[in-house]
Amino acid sequence: MQTTPFSVAEFIAILEDLLEVEFTFHKVEELAQAYERFSATEQHYFLGWIRRIATTNVEVAWRFAHRAPKAWAHMDERLLDAWAVHAMDAYDRKGLRAAFKVIDEVDQFARLSHAEAVGAVFGEIAGVLLTFVRGLSGRPLKLTEGDASYTDSETLFLPPVIAEMVTAEDNFALAKAQVALLWAQTRFGTFRHDLDELIAKFSDQERALRCFHALETIRLECCLARELPGLYREMLRLRETLGQSRGSAWLPFEERLVHAIGIEDTIQLLPKAYVTEMPPRLCYEGELRVAAIRETLAKRQAREKMLLRIKLRELIDKAQEQPDEGCAGEKHFEVRTIGDNESLEMELLLDGQPIVPPDDMRQMMTSIVLDFGGIPPDYLFPAGDGEYDPRLLVGSLKDPDEVWQGVYHEDGAFLYPEWDHQRQHYRKNWAVVREKTVTPAPIGFVEETLAHHAGLLKHLRRAFEAMRDDNRLLKRQEDGDNIDIDALVEALTDVRAGHEMTDRLFTRMQRTERNMATLFMVDMSGSTRGWINTAEREALVLLCDVLEILGDAYAIYGFSGLTRKRCEIFRIKAFDEVYSTQVKERIAGIQPQEYTRMGAAIRHLSQRLLEAEAKTRLLITLSDGKPDDYFDGYRGPYGLEDTRKALQEAMRAGIHPFCITIDREAHEYLPHLYGAAHYIVIDNVKQLPLKIADIYRRLTVR
Amino acid sequence: MDARTLSPETYFVESQPYYEAVGQEITIFDAAYANRLPILLKGPTGCGKTRFMEYMAWRLQRPLITVSCHDDLTASDLVGRYLVRGGETVWVDGPLTRAVRAGAICYLDEIVEARKDTMVVIHPLADDRRVLPIEKLGQLLEANEKFCLAVSYNPGYQSVLKDLKQSTRQRFIALEFDYPNADLEARIVSKESGVDRATADQLVKFAHMTRNLKGNGLEEGASTRLLVHACKLIAAGVSSVVACQAAIAQAVTDDAEMLKAMYELSSSLF
């Protein structure tokens, strides 16, 4: 590494190259001068980031380069890294404008710099806090990064960094307090009253809302003091540390709300609070965003009413199926709350008899109770025939092909991150994966293949039969079901001869299970057209034939795609499908498609594989070349590194990946991806069907 | 006191075990026993199935023979086998045979874990024949009229492969167990461990939090048994948060993030 800093001229040259000045016409001279004062190490550090950002977008890199020297004065590496990554994430998600906003508002990032080392960064605390909030009772809430701490009653939003406190522990405690308070809003009925209507009565609505929020916070503090005393103590401590209080004018309100029962108490106090001096916002208080709440609430309530009524109908239908019940006349539902006012334990009664609602229904009832304080009577009428369109129920089960016929959207698709090796960070929700099935083709192909390879097949079948684990009778065991007569006779002779008698006198039936799940991931890219495709299909036919003998769980999926927005996984055989005529027709119908974006395919299929129950999980890729995709830079090192990362993720999850390829140059890159021993290159395409079963056998034999 | 050695069929539950009925289970068990019907207990771990069996054994004054089934448990382990003693082979009854002969209650815990061949001996015992075939002796053993077969099974976590077959489950009177409601559970915990009611209430609240996490990273929430453990620690002077962590959180998960979240929950609560 260079030890003396670059001169201005050198720096100009580097920047010109990185920022593609030839095309962008950015002026870099001034920029280069700003970097002159830095040490060589620092210059390298900045150039590294500019380079990494430039691979995402040159404009963003230019802005970054522009801002970075000034920002450096009150930032250190960790914070600057976070800032740069945040900017690129913003670019990925919302485009150039959002990225510029992050870069331009560097001061906001830097503002936190005094406590930067101790700030609670959303990405680091989200996991724990989400579990924390799920553990508290009520509706299953989501937790997302937002621009402030607020909730729309289903999702809790937290700012990217919380750093108001001096120590890391306290910042985490503050984040936890914020989350708990937002949770309390959903749990103790802050949204049970129409907030728009409430504040409409006041001339200064903003002030009214602020006062309402302050009053509610007091009420919820009291609820938390009862429910979570440990947390409440913590909240008081945080407030004290920061020297925050509401002021003496608010003391009467605090006293009044100690025994508050519900939102009504808050509403009652609002007119009086409205004319009192506005209290400062406390550290854990967050914001109250009426618009976000209004929208979510309206959507959820309509949906839940419909779903609950349909579920009730289903319960009645089920009750009537049982003959001894006697379906006498009108069915009437009732809900009884067990315990005190705020209890969520309840009982569903059908004609006075308690029935146990299924879990999803119980959850829905809880959610409705949170919204209304009970279940409104009109929710308890079972849906009539045809009252609701059943298609509304299956929101997520859309036909994956339909997506491309209308306007583009990512509904119902699986989103996976992708590793950007230049950035050294994941791009979040980058690859859009959809699962489709293969168009079936006539089954004739399968039969021809079997006939064509009859000789080989006979050999293979025998080999696989030998691998099958039948029960084995273990002899000479210390313990077992039966006496091993041979051993006993021997032992008795030993005794007569004056030797010691062995205690290994029993036989035991040993049953061994292979307990293995294998997922075959078949390259369906355009480059497999012709011989390769035929060989792949033939190989699969033979493989399925012998795997059926062995009884191992296996699945076959094809993969292809065009750009990150359209990664397609073709289901040929899922783990729970039997090797049926349809599966055979699908194998026959495997056709070359487009490109190979392997990372996304590996991530998706790893998930599928992990869902299969087995002790050993094997992911076998059949491929004909390097990962590759159209236009967006996946070709080359980016694709290789992403694939490698995806394989590492799979291995960490306990999957054993293996690759069978016909690419003769594979020795150059496959060791990097799979490791030296985890791939095999087949020289001649035609040998693939002959070899694949044998490879599988060698891989899985004990 | 010295440990006593008992043969299985003389193991009587001598003092009344503490048991709080959640529903009609005692009445149903009584009626089933009177009619010589076998019983299936369903429910999550640690919710009181075994305690219920002890209570019923005490109530009916029958010996209780419990077999915890595992995936290597064969029919011979239940019925019996020949052993070699001094150059001779000797037949030794298995626990099920002993129970059948002595008129005891035989409780097969986690029945689905046992090997499939055990069903061969359970089926004829579980229907109106009430006989135990002892293949190796070439005998059919008619059950003592006081004999009772009870099995337990946890529908929650077993794999699809280990589901109970219809032909088996349709022979039994089924009793479903679940964690008791909050009030009752707090009473049980407080009685079992000796902590005051307020602490028990808090602990039950914590248990509900962990049960909310079932399916969100936890396989199973904290059972009543774990609550009792935690409360015993608290009664012995361990602080609540530490007791929750040691007796509950560490018992249900190894995941670092989950442990941290559970720590946050318990420290919020106390």
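Which residues is B:Ala230 in contact with, leaving aside its neighbours within four places in sequence? I looked this up before anything else, bearing in mind that the model is predicted. I found B:Leu203, B:Ala243, B:Cys244, B:Ala247 and B:Ile248.

**Entry: the cores.** I then asked where B:Ala230 belongs. I noted a largest nonpolar core of 86 residues, in which B:Ala230, B:Leu227 and A:Val179 touch the most other members. I looked for the element behind it and recorded α10(A), which gives the largest share of this core at 11 residues. Apart from this core I noted another, of 68 residues. I listed some of its members, including A:Met521, A:Met524, A:Ile572 and A:Leu605. For background I wrote down that nonpolar side chains tend to be buried together in soluble globular proteins.

**Entry: the side of chain A that touches chain B.** I looked up how the two chains meet. I found 24 residues of chain A in contact with 27 residues of chain B. On the chain A side, I noted that α9 (122-135), α10 (168-187), α13 (229-241) and α20 (485-496) each supply at least two residues. I recorded α9(A) as the source of the largest share of that side, with 6 residues. Sorting that side of chain A by class, I have 13 nonpolar, 6 polar and 5 charged residues. I note that α10 of chain A is thus entered twice, as a supplier of residues to the side touching chain B and as the source of the largest share of the 86-residue core.

**Entry: chain A as a whole.** I recorded 26 helices and 19 strands in chain A. Chain A has 702 residues, and I noted that 37% of them count as buried. I also looked at sequence separation in the contacts of chain A. Among those between residues at least 6 apart in sequence, 71% join residues at least 24 apart.

**Entry: positive phi in chain B.** I checked backbone angles next, since most residues other than glycine have a negative phi. I noted B:Arg36, with a positive phi near 55°. I placed B:Arg36 in the loop between α1 (25-34) and β1 (39-42) of chain B. I also noted B:Glu110, whose phi is positive and near 55°. I placed B:Glu110 in the loop between β5 (105-109) and α5 (119-126) of chain B.

Is B:Glu110 buried or exposed? I entered B:Glu110 as buried, because 20 other C-beta atoms lie within 10 Å. I entered B:Arg36 as partly exposed, because its C-beta neighbours inside 10 Å number 14.

Key: Residues numbered from 1 in each chain as written. Chains lettered and ligands numbered in written order. Predicted model: local features only at pLDDT ≥ 70, side-chain atom pairs only at ≥ 80, totals over all residues. Helix = DSSP H or I, 4+ residues; strand = E, 2+ residues; numbered from the N terminus. Buried ≥ 20, exposed ≤ 12 C-beta atoms within 10 Å, placed from the backbone. Contact = placed C-beta atoms within 7 Å. Nonpolar A, V, L, I, M, F, W, Y, C, P; charged D, E, K, R; others polar. Core = buried A, V, L, I, M, F, W, Y, C linked by C-beta atoms within 7 Å.
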